[in-house]
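These entries record what I looked up in the structure shown below. I begin with backbone geometry and then turn to links, contacts and the core.

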Amino acid sequence: MRTRSLLALAGTVVALTAAATVPASADGAVLTTGSADGTAVAVGDVLTAPLASGTHATLYSSATGTSGVTCSSSTFTATVADNPAAPGTATESVSAQTFDSGSCTSNVLGVTGVTGITVDNLPYTTTVASDGTLTVSPASGSTIQTTVKLKTLLGSITCVYQAASLTGKADNADNSISFTNQQFTKSSGSSLCFASGYFTAKYAPVTDAGATVYVN
């Protein structure tokens, strides 16, 4: 009996010791919904966001100027490809980013209106780190590209702008992602197309089927 009791006690000690080495619960995911410690966003979920209320997406000719194109309506759509435990880096595939040309204006000399803005070479890969750093990259061998069609006093023109990558920031305070003065370089277009374009926009709230998304 004593031998069995000692063996049973030893087994209990081992079990308790093993349990003590396992975390009480696994870390939460990088992307969650509802709250920072909410439900993990599932791989394959589609995230969407409009421009933050009262803000505009702008493509200006310089980082400090106000000459260029301004839009008050824009949205993006991304599918979650990987959402590991935090801290870590989630991956998304951006399949669409649209701009409502009816909401866009231009104050460039000689330009009378905006016909359309198209984001090309989709999908893009977006990574979101636990510290909120967001990076948008094109497919291998491609570029991030935006085509801007403008009406001018001399007729329609097309301006094509490219960038190697974009860097933004996610913020849980308003469930937003923002880009500030991300530089594009003109790859083709008339002399009325400015040589460089600096993109600024804030999208909020980012949602998953209506639930707000947090970064952890």
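Entry 1. Strands here are DSSP runs of E with at least two residues, numbered from the N terminus. I apply this numbering to a predicted model. With it, I place Ala-209 in the loop between strand 17 (207-208) and strand 18 (211-215). I looked up Ala-209 for its backbone: the residue is not a glycine, yet its phi is positive, about 55°. I then checked its surface and found a relative accessible area of 79%, so Ala-209 is exposed.

Entry 2. Which other residue did I note as having a positive phi although it is not a glycine? I found Asn-181, with phi at about 50°. Asn-181 sits in strand 15, which covers residues 176-188. Its relative accessibility is 32%, so I list Asn-181 as partly exposed. I kept both entries because most residues other than glycine have a negative phi.

Entry 3. I went on to the peptide bonds. The bond from Ala-86 to Pro-87 is cis, with omega near 0°. I locate Pro-87 in the loop between strand 6 (74-82) and strand 7 (89-99). Leu-122 and Pro-123 are also joined by a cis peptide bond, and here omega is about 5°. Pro-123 belongs to the loop between strand 9 (111-120) and strand 10 (124-129). I record these bonds because most peptide bonds are trans.

Entry 4. I checked the confidence of the model. The protein chain has an average pLDDT of 89, and 88% of the residues score at least 70. Where does pLDDT stay under 50? I find this over residues 1-26, and for that stretch the model has 0 contacts beyond four places in sequence.

Entry 5. How many disulfides does the structure hold? I count 2. I looked first at Cys-71 and Cys-104, whose sulfur atoms are 2.0 Å apart. This link is right-handed, with 110° about the S-S bond. Cys-71 is in strand 5 (residues 68-71) and Cys-104 in strand 8 (residues 104-106), so the disulfide ties together parts that are 33 residues apart in sequence. I find both Cys-71 and Cys-104 buried.

Entry 6. I then took the disulfide of Cys-159 and Cys-193, where the S to S distance is 2.0 Å. Its torsion about the S-S bond is about -75°, so I enter the disulfide as left-handed. Cys-159 lies in strand 13 (residues 155-163) and Cys-193 in the loop between strand 15 and strand 16 (196-203), so parts 34 residues apart in sequence are tied together. Is Cys-193 buried or exposed? At 4% relative accessibility, Cys-193 counts as buried. Cys-159 is buried with a relative accessible area of 1%. Numbered in sequence order, the bonded cysteines of the protein chain pair as 1-2, 3-4.

Entry 7. I examined Thr-158, which is in strand 13. At 36% relative accessibility, Thr-158 is partly exposed. Thr-158 and Cys-193 are 35 residues apart in sequence, and I read a C-alpha to C-alpha distance of 8.0 Å. Leaving aside neighbours within four places in sequence, I find Thr-158 in contact with Thr-147, Val-148, Lys-149, Ser-188, Gly-189, Ser-190 and Cys-193.

Entry 8. I looked for salt bridges and obtained a count of 1. The side chains of Asp-174 and Lys-202 form it, at 2.6 Å from N to O. Asp-174 is in the loop between strand 14 (166-171) and strand 15, and Lys-202 is in strand 16, so the pair ties together parts 28 residues apart in sequence. I list Asp-174 as partly exposed, at 27% relative accessibility. Lys-202 is partly exposed too, at 31%.

Entry 9. Last, I examined the nonpolar core. Which members of the largest nonpolar core touch the most other members? Among its 47 residues, these are Leu-31, Phe-199 and Tyr-203. I followed up Tyr-203, again leaving aside neighbours within four places in sequence, and noted contacts that include Ala-49, Pro-50, Leu-51, Ala-52, Phe-76, Phe-99 and Ile-177. Contacts of Tyr-203 also include Ser-74, Thr-75, Gln-97, Asn-175 and Ser-176. I add as background that nonpolar side chains tend to be buried together in soluble globular proteins.

Key:
Residues are numbered from 1 along each chain as its sequence is written. This is a predicted model: local features need pLDDT of at least 70, side-chain atom pairs count only at pLDDT 80 or more; totals for chains, interfaces and linings use all residues. Side-chain values use heavy atoms; hydrogens and water are left out. A nonpolar core is a set of buried Ala, Val, Leu, Ile, Met, Phe, Trp, Tyr and Cys residues joined through side-chain atoms within 4.5 Å. Buried means under 20% relative accessible area, exposed over 50%, partly exposed in between (1.4 Å probe, protein chains only). Contact means heavy atoms within 4.5 Å. Helices (H or I, at least four residues) and strands (E, at least two) are DSSP runs, numbered from the N terminus. pLDDT is the predictor's confidence in each residue, from 0 to 100. A disulfide is a pair of cysteine sulfur atoms within 2.5 Å. A salt bridge is a side-chain nitrogen of Lys or Arg within 4 Å of a carboxyl oxygen of Asp or Glu.
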